[in-house]
Amino acid sequence: MAHMSLAFRDVAIDLSQEEWECLDPVQRALYRDVMLENYSHLVSLGCSIPKPDVIALLEQEKEPWVVMRKGTRSWYTVFLQN
């Protein structure tokens, strides 16, 4: 049986601010629950990964989303208060 490395980004769903704003409260709650559960499962499997910013925000019930950095091809999390 082959073992594969799994990272949080493999099971995470990144949303833009525009996508987040299209979600109703029930959908936002579902997103929060699924993301927290995915992270919890990875930790329970023994994956030693630092807590992603998005998880910290979701635990604090803040609104997270990601945006593309200008001039790069990388994404970063934007931190907002509810």
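A residue is called buried here when its relative accessible area is under 20%, exposed when it is over 50%, and partly exposed in between (1.4 Å probe, protein chains only). The model you are looking at is predicted, so local features need pLDDT of at least 70 and side-chain atom pairs count only at pLDDT 80 or more, while totals for chains, interfaces and linings use all residues. Residues are numbered from 1 along each chain as its sequence is written, and side-chain values use heavy atoms, with hydrogens and water left out.

Let us start with helix H2. Helices (H or I, at least four residues) are DSSP runs numbered from the N terminus. The expected span of a helix is 1.5 Å times one less than its number of residues; for the 20 residues of H2 that gives 28 Å, and the end C-alpha atoms are indeed 28 Å apart. Arg-28, Tyr-31, Arg-32, Met-35, Tyr-39 and Leu-42 are buried in H2. Seen down the helix axis, these buried residues fall within an arc of 100°, so they line one face of H2 (the arc is that of the directions from the axis to the C-beta atoms). The face turned away from that buried side carries exposed Val-26, Leu-30 and Ser-44.

Next come the aromatic rings. Rings of Phe, Tyr and Trp (its six-membered ring) pair if their centres lie within 6.5 Å; planes under 30 degrees apart count as stacked, over 60 as edge-to-face and the rest as tilted. Two pairs result:

| Pair | Centre distance | Plane angle | Type |
|---|---|---|---|
| Phe-8 and Tyr-39 | 6.0 Å | 80° | edge-to-face |
| Trp-20 and Tyr-31 | 5.6 Å | 75° | edge-to-face |

Phe-8 lies in the segment before helix H1 and Tyr-39 in H2, so this pair ties together parts 31 residues apart in sequence. Phe-8 is buried at 9% relative accessibility, and Tyr-39 is buried at 12%. The other pair links Trp-20 in H1 with Tyr-31 in H2, eleven residues apart; both Trp-20 and Tyr-31 are buried.

These four aromatic residues also belong to the largest nonpolar core, which has eleven residues. Such a core is a set of buried Ala, Val, Leu, Ile, Met, Phe, Trp, Tyr and Cys residues joined through side-chain atoms within 4.5 Å. H2 gives the most to this core, with four residues.

Finally, the cysteines. With a disulfide taken as a pair of cysteine sulfur atoms within 2.5 Å, the count is zero. Cys-22 is exposed at 61% relative accessible area, whereas Cys-47 is partly exposed at 21%.

Terms used: Helices (H or I, at least four residues) and strands (E, at least two) are DSSP runs, numbered from the N terminus.
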